Amino acid sequence: MTTEPLTTETTPDAPGTTHRDTYEAGLAVRKAVLGAEHVERSLAQVSEFSRPIQELVTEYCWGAVWTRPGLERRTRSLVNLAMLTALGRNHELGVHVKGALTNGVTVEEIQEVLLQCAVYVGVPAALESFRVAERVIEEVKGDA
């Protein structure tokens, strides 16, 4: 399956920037944060049905938002951990714990974000996030 987007229209927020440009920028950031192997594996599993959502995520999430200069990648990672905990999206949380570590977030900072979530979004959500985070942290330590 190809990882090239279907369209090359100009995006409205940056004259002269094409969807392909934003997609390629997003693909680069996605690989840098989540690991090229993970991203390539995900994209290799894309079906014709799921291709549009993968393109949307790569272009808009990673290309249009993660490339913005307003927040450092480590801050974006911390925000993602809190939001994914609040939403109970544990698979994505695991992916983003690994990305957070890649972006320089410390284990202590991950703990602090999850403790903050316990107070504001609920202890059960934070408990599950601690379980997911600990599993991923141990996996990453084992790879090191």
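**Figure 1. The largest pocket of this predicted model holds about 420 Å³ of space.** If you are setting up a grid here, a good place to begin is the centre: of the 21 lining residues, Val57, Cys61, Trp62, Glu92 and His96 are the closest to it. Five helices each supply at least two residues of this lining: helix 1 (19-34), helix 2 (36-44), helix 3 (51-65), helix 4 (73-87) and helix 5 (90-102). Helix 3 provides the largest share, with five residues. Sorted by class, the lining of the largest pocket comprises ten nonpolar, eight polar and three charged residues.

**Figure 2. The second largest pocket encloses about 280 Å³.** Its lining is made of 14 residues, and those nearest the centre are His38, Arg41, Val95, Lys98 and Glu139. Helix 2, helix 5 and helix 7 each contribute at least two residues to this lining, with helix 7 giving the most, five residues. Six residues of the lining are charged, while four are nonpolar and four are polar.

**Figure 3. Helix 1 meets helix 3 at roughly 80°.** The two axes come within 7 Å of each other. Helix 1 and helix 3 are therefore roughly perpendicular. On the helix 1 side, the contact involves His19, Thr22, Tyr23, Ala25, Gly26, Leu27, Val29, Arg30, Val33 and Leu34. Facing them from helix 3 are Gln54, Glu55, Thr58, Glu59, Tyr60, Trp62, Gly63 and Ala64. By class, this contact has nine nonpolar, six polar and three charged residues.

**Figure 4. Helix 1 also crosses helix 2, here at roughly 125°.** Their axes come within 6 Å, and the crossing angle makes helix 1 oblique to helix 2. From helix 1, the residues to look for are Tyr23, Leu27, Arg30, Lys31 and Leu34. Their partners in helix 2 are Ala36, His38, Val39, Glu40, Ser42 and Leu43. The contact of helix 1 with helix 2 divides into six nonpolar, two polar and three charged residues. For readers moving between views, Tyr23, Leu27, Arg30 and Leu34 appear in the contact with helix 2 and are also listed in the contact with helix 3.

**Figure 5. Helix 6 (residues 107-121) packs against helix 7 (residues 123-143) at about 165°.** The axes of this pair lie 7 Å apart. Angles over 145 degrees count as roughly antiparallel, and helix 6 and helix 7 are therefore roughly antiparallel to each other. The crossing of helix 6 past helix 7 is right-handed. Helix 6 makes the contact through Val107, Ile110, Gln111, Leu114, Leu115, Cys117, Ala118 and Val121. Helix 7 answers with Val123, Ala125, Ala126, Ser129, Phe130, Ala133 and Ile137. Which classes do the residues of this contact fall into? There are 13 nonpolar and two polar residues, and no charged ones. Helix 7 may already be familiar from the second largest pocket, where it supplies five residues of the lining.

Conventions. Residues numbered from 1 in each chain as written. Predicted model: local features only at pLDDT ≥ 70, side-chain atom pairs only at ≥ 80, totals over all residues. Heavy atoms only, no water. Axes fitted to C-alpha atoms, helices over the stretch in contact; angles between N-to-C directions. Helix = DSSP H or I, 4+ residues; strand = E, 2+ residues; numbered from the N terminus. Parallel < 35°, antiparallel > 145°, perpendicular 65-115°, else oblique. Left-handed = near helix turned anticlockwise from the far one by under 90°. Contact = heavy atoms within 4.5 Å. Nonpolar A, V, L, I, M, F, W, Y, C, P; charged D, E, K, R; others polar. 1 Å grid on protein atoms, 1.4 Å probe; cavity = no way out; pocket = protein on both sides within 12 Å on 5 of 7 lines; lining within 4 Å. Points joined across faces, edges and corners; volume = space filled by probe spheres on them.
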